[in-house]
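Visitor: Please take one close look at the largest cavity and follow its lining outwards. How much space lies in the largest cavity, and which residues line it?

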Amino acid sequence: MNKVVSGAEEAIRDIADGNTLMLGGFGLCGIPENCINALVKKGVSGLTCISNNAGVDDFGIGLMLKQKQVKKMIASYVGENAEFERQLLSGELEVELIPQGTLATRCLAAGYGMPAVFTPAGVGTEVADGKESRVFNNKEYLMEMAFDADFAIVKAWKGDTQGNLVYKETARNFNPLMAMAGRVTIAEVEELVPAGELDPDHIHTPGIYVHRIFQGRAYEKRIEQRTVRTRE
Amino acid sequence: MALNKEQIAKRIARELKDGYYVNLGIGIPTLVANYIPAGMDVVLQSENGLLGMGPFPFEGEEDPDLINAGKQTITTVPGSVFFDSAMSFGMIRAGKVDLTVLGAMEVSERGDIANWKIPGKMVKGMGGAMDLVASARNIIVAMMHTNPKGESKLLPACSLPLTGVGCVKKIVSDLAVLDITPHGFQLLERAPGVSVEEIKAKTAGKLMVEGEIPEIVF
């Protein structure tokens, strides 16, 4: 089953104003750079974006924020983006901050066909406001609903023509979870190979979850915090 | 003399035990990794999807695909393993991580913690902190005892939005080491040259002081 499309423009062709998108990555690590750039170029707006972070001012989702393409952001941590904080405090941007494990598990639930999950994260805090809770074994848990996103956009290291994906190091993060959770899943990869070249034992995301795949170009892979030690 | 950040980290490192899996938060907690006693087998978990976090890379060897939860470039160690964010928080939720060290803006005498939001001023988000504090078996907070205005951050009740309820077990501040007990903060140790009176004056929550309180010796 060939899932290959020509590039980012074709992959995102039917993403429309008001859609809900999941975007993989942690900070700037493992983000779908090609698709983000294509979305910025296309100029779709009124988007709801589900992503762990919101990029930085001039890279990643930050580029979409700058153009006011995002109506609502669902994330766990947004500390590295001054424009985001400005739009949030001024009320231009709607934001739902949720615990990182809850974000991951709500993706997982969607990909596993479960409507909801129970987690202790946020019990007794404002995250619990308006949510159903239950006590299991004398501990309270919040009921958190599976996400429902029109599109999931993920970045993998390698992929094959069937849409099977392999991630590299900590660039895996939310990518396999979101890949499972989108109604339509778009994967951009650094290296696209023919089916059969990836070892079936080493595939992280089975192609059944992936609808469109392409080999991305000119990855910048920006480092957010360059930390080094000196040789003795 | 109040402890500096390195000394706070050094004191927290004494709480590590051989065989521990440990999650270190951003800031002072990250420095704890520099003081793991030689020969002690401690595995560091980074919640973005790594067990077995190594030191920073040598210059020129930075890998953009290999970062920690603070988005810093890092390395692996022999035996390291990568996984996705759901499994990462799965092992946290399931209580597999032995110790969590994180920072705080406020801690209450009941062990409540606030560290993610100042309404109207700062909104960074909770990241993984709410998941960690809701599930970790042992939570140590590294923090300054007072804010820059000199007001206590160890309170009867937190004034800021909570991160978790009744979860903190121990605090290592620049002034003291304290346990959270059913009766409030219990003073265990004091920073060299810092008097019990000063700690009392700078602790707004209920403080228990029993017997002689030793100084932290480095």
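Guide: A cavity is a set of points, on a 1 Å grid over the protein atoms alone, where a 1.4 Å probe fits but cannot get out; a residue lines it if an atom lies within 4 Å of a point. Grid points are joined across faces, edges and corners, and the volume is the space filled by probe spheres set on them.

The model is predicted: local features need pLDDT of at least 70 and side-chain atom pairs pLDDT 80 or more, totals for chains, interfaces and linings use all residues, and side-chain values use heavy atoms, without hydrogens or water. Residues are numbered from 1 along each chain as its sequence is written, with chains lettered from A and ligands numbered from 1 in the order written.

The whole structure holds 5 cavities of 30 Å³ or more, and the largest cavity contains about 60 Å³ of space. From chain A its lining takes Leu28(A), Cys29(A), Gly30(A), Ile31(A), Glu33(A), Lys155(A), Tyr219(A), Lys221(A) and Arg222(A); chain B supplies Pro64(B) and Asp65(B). By class, this lining has 5 nonpolar, 1 polar and 5 charged residues (nonpolar: Ala, Val, Leu, Ile, Met, Phe, Trp, Tyr, Cys, Pro; charged: Asp, Glu, Lys, Arg; polar: the others, Gly among them).

One of the lining residues, Glu33(A), leads into helix 2 of chain A, which covers residues 33–42 (helices are DSSP runs of H or I with at least four residues, strands runs of E with at least two, numbered from the N terminus). Glu33(A) is buried in helix 2 of chain A, as are Asn34(A), Cys35(A), Ile36(A), Ala38(A) and Leu39(A) (buried: under 20% relative accessible area with a 1.4 Å probe, protein chains only). The buried residues of this helix pack against helix 1 (8–11) and helix 3 (61–66) of chain A (contact: heavy atoms within 4.5 Å). They also pack against four strands of chain A: strand 1 (20–23), strand 8 (149–160), strand 10 (182–193) and strand 11 (212–215). After helix 2 of chain A comes Gly43(A), with a positive phi near 80°.

Among those packing partners, strand 1 of chain A is covered on both faces. Thr20(A) and Met22(A) are buried on one side, and Leu21(A) and Leu23(A) are buried on the other. Strand 1 of chain A pairs in the parallel sense with strand 2 (residues 47–50) of chain A, over 3 bridges (pairing requires at least two DSSP bridges). Within this pairing, Thr20(A) has Thr48(A) of strand 2 of chain A as its bridge partner.

Elsewhere in chain A, an open sheet of 3 antiparallel strands runs in the order 5-7-6. Its edges are strand 5 (116–119) and strand 6 (133–136) of chain A; each has a single partner strand, so one side of each is left without a neighbour in the sheet. Strand 5 of chain A joins strand 7 (residues 139–145) of chain A over 4 bridges in the antiparallel sense, and Val117(A) is bridged to Glu144(A) there.

Chain B also has an open sheet of 3 strands, in the order 7-6-11 and with mixed pairing. Strand 7 (113–114) and strand 11 (154–155) of chain B are its edge strands, each pairing on one side only. Strand 6 (residues 106–108) of chain B pairs with strand 11 of chain B in the parallel sense over 2 bridges, with Ser108(B) opposite Leu155(B).

Conventions. On a 1 Å grid over the protein atoms alone, a cavity is a set of points where a 1.4 Å probe fits but cannot get out, and a pocket is an open set with protein on both sides within 12 Å along at least five of seven lines; lining residues have an atom within 4 Å of a point. Buried means under 20% relative accessible area, exposed over 50%, partly exposed in between (1.4 Å probe, protein chains only).
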